[in-house]
Amino acid sequence: MTGIATGHAEQPLPVQELGSYLRAQGLAGSAPLQVRVLSGGQSNPTYRITTENDGEVRDYVLRKKPPGTLIASAHAIDREYRVMKALEVTNVPVPRMLHYCESSELLGTPFYVMEYLHGRVLMDQSLPGMAPDERWSIYREMNRVIAALHAVDYRAVGLGDYGKEGNYVGRQVARWSRQCRESTLPVNAAMHRLMDWLPAHLPEDDETTLVHGDYRMDNLVFHPTEPRIIGVLDWELSTLGHPLADLAYQCMAWRIPPSLWRGIGGLDLETLGIPSEAEYVAWYGAATGRDAAGHWDYYLAYNLFRMAAILHGIAQRAADGNAAAEDAEETGRKAGPLAELGWQAAQRYMARE
C-alpha cells in the first residue's frame, strides 16, 4: 500500500512518510506499510500497522489524537502511553509500548505505537455462543484484573504524580458538569438534577488508587482460546481516583438494558452463567477487602451521569465535525436515557439514607 490510507474518510495517514519514520525507529522494514482503521474508537483514531522485514511480518497499533479543536485535557494519549509503560512491570496485563512521538509534524497530532495483541475483543457482554461456564470464567477474569489494578502501588511504578489524591468523585462531577454546561447542545432534565444532587451527597469513604476510568469488556483483549486477559486497552481516562467508583463504572452494565447500550440489564443471567451484580461486587470485595455496599447506588448514579456526559461530549464533537467515529451522533443520543438511569440510582440512594 502506498500513498494515503483512508479507511476512515476524516483520518488519512501519510503511509510512505510514516513508513520512513518507523524504519528510523527500527519498527519497520523496507516493504510498504499496510494500514487499516481498527473498529471502535469514539475518541482517539486507532490504526493497525502491518510491516514486513526480511520475511518477518509484524503488527503494531498506532493511536493518535483526533484533528480539530479539542476540549482541554481530553484525548491524552501521552498519559495512555505513560500508564501502560508503567504497568508493564505489574500484574495488570497491557500491550508493550514501543514508541511515543510528541511532534505533530508527521500525522498532525502526537501519536504512539504499541504491540498488536492477537486475541479476542468481546463486544457483547452477554457473550453469545459461549457455554455458561465459559461466561462465568470470563467475568471472573475481568474481576481479577480490576482488583489487580487497584492493588498497584502507583508511587512505586512512577505514577505518584499521575493525578490528584483525594476527592476524585467530587472533582469528576465538577469536570463533567462544567463540560455539559459549556456545551451548545441541550442537556436533559435528569442531567441537570444529577449535576445539582451529586456534589451535595458525596460519600465520606475517600480512598485513592490507580483507576482505569473506562474499564469494560470491550476495552479488554482476551487470549484467543482461554478466559484470560492479555491486555487492558483505552487508558485515556485513567488517573488516580476512587477504586469503588472505577468498579461501579463497569457494573453499570447490570443496570443498562441491551436495547439501550452495551448492557446486560434484564437478561436471564443465571441461565447464561453470568454472575449477578451482587456476586461480582462480592468477588471484588473478597479480593480487595473493600465493602462497596454502603454507597453503591451513589457510585452507580455518579457513573451513569459521567457516562452520559461523555456521550454528550461525543454528540458535541459530532455537531462540531470533530468526531472520530461515524456513529458519533447516534451514540450521543444515548446520553439522556443513561442520565435517567442515573437519577433512578440517586433516588434509590436517597431512599436508604
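A salt bridge is a side-chain nitrogen of Lys or Arg within 4 Å of a carboxyl oxygen of Asp or Glu. Keep that in mind as you look around this model, which is a predicted one. D218 and R262 fit the description, with their side chains meeting at 3.5 Å, N to O. D218 sits in the loop between β8 (209-211) and β9 (220-222), while R262 sits in the loop between α6 and α7 (269-272), so this pair ties together parts that are 44 residues apart in sequence. D218 is buried because its relative accessibility is 15%, which falls under the 20% cut-off. R262, at 33%, counts as partly exposed. The two also belong to a network of salt bridges that links D214, R216, D218 and R262.

Stay with R216 and R262 for a moment, since both turn up in the lining of the largest cavity, along with residues including Q125, W261 and M307. That cavity has a volume of about 120 Å³, and its lining is made up of seven nonpolar, three polar and two charged residues.

The whole structure has two cavities of 30 Å³ or more. The second largest holds about 30 Å³ of space. Helices α6 (243-251) and α9 (296-320) are the elements that give two or more residues to its lining. Among the lining residues are Y168, D246, Y249 and R306; Y249 is also found in the lining of the largest cavity.

Back to salt bridges, of which the structure holds 15. E80 and R63 form one, at 2.8 Å from N to O. E80 belongs to helix α2 (residues 77-87) and R63 to strand β5 (residues 56-64), so here the parts tied together are 17 residues apart in sequence. Both partners are buried: E80 has 0% relative accessibility, and R63 has 6%.

Helix α2 also carries R82, whose partner D161 lies in the loop between α3 (132-150) and α4, so that pair ties together parts 79 residues apart in sequence. Their side chains meet at 2.4 Å, N to O. R82 is partly exposed at 32%, whereas D161 is exposed at 57%.

Now for an open space. The second largest pocket has a volume of about 380 Å³. Of its 18 lining residues, R79, R171, Q172, R175 and T239 are the closest to its centre. Helix α4 (residues 168-182) gives the most to this lining, with seven residues. By class, the lining has six nonpolar, five polar and seven charged residues.

One last stop: the cysteines. C180 is buried at 3% relative accessible area, and C251 is buried at 0%. The structure holds zero disulfides.

Terms used. Residues are numbered from 1 along each chain as its sequence is written. This is a predicted model: local features need pLDDT of at least 70, side-chain atom pairs count only at pLDDT 80 or more; totals for chains, interfaces and linings use all residues. Side-chain values use heavy atoms; hydrogens and water are left out. On a 1 Å grid over the protein atoms alone, a cavity is a set of points where a 1.4 Å probe fits but cannot get out, and a pocket is an open set with protein on both sides within 12 Å along at least five of seven lines; lining residues have an atom within 4 Å of a point. Grid points are joined across faces, edges and corners, and a volume is the space filled by probe spheres set on the points. Helices (H or I, at least four residues) and strands (E, at least two) are DSSP runs, numbered from the N terminus. Ala, Val, Leu, Ile, Met, Phe, Trp, Tyr, Cys and Pro count as nonpolar, Asp, Glu, Lys and Arg as charged, and the others, Gly among them, as polar. A disulfide is a pair of cysteine sulfur atoms within 2.5 Å. Buried means under 20% relative accessible area, exposed over 50%, partly exposed in between (1.4 Å probe, protein chains only).
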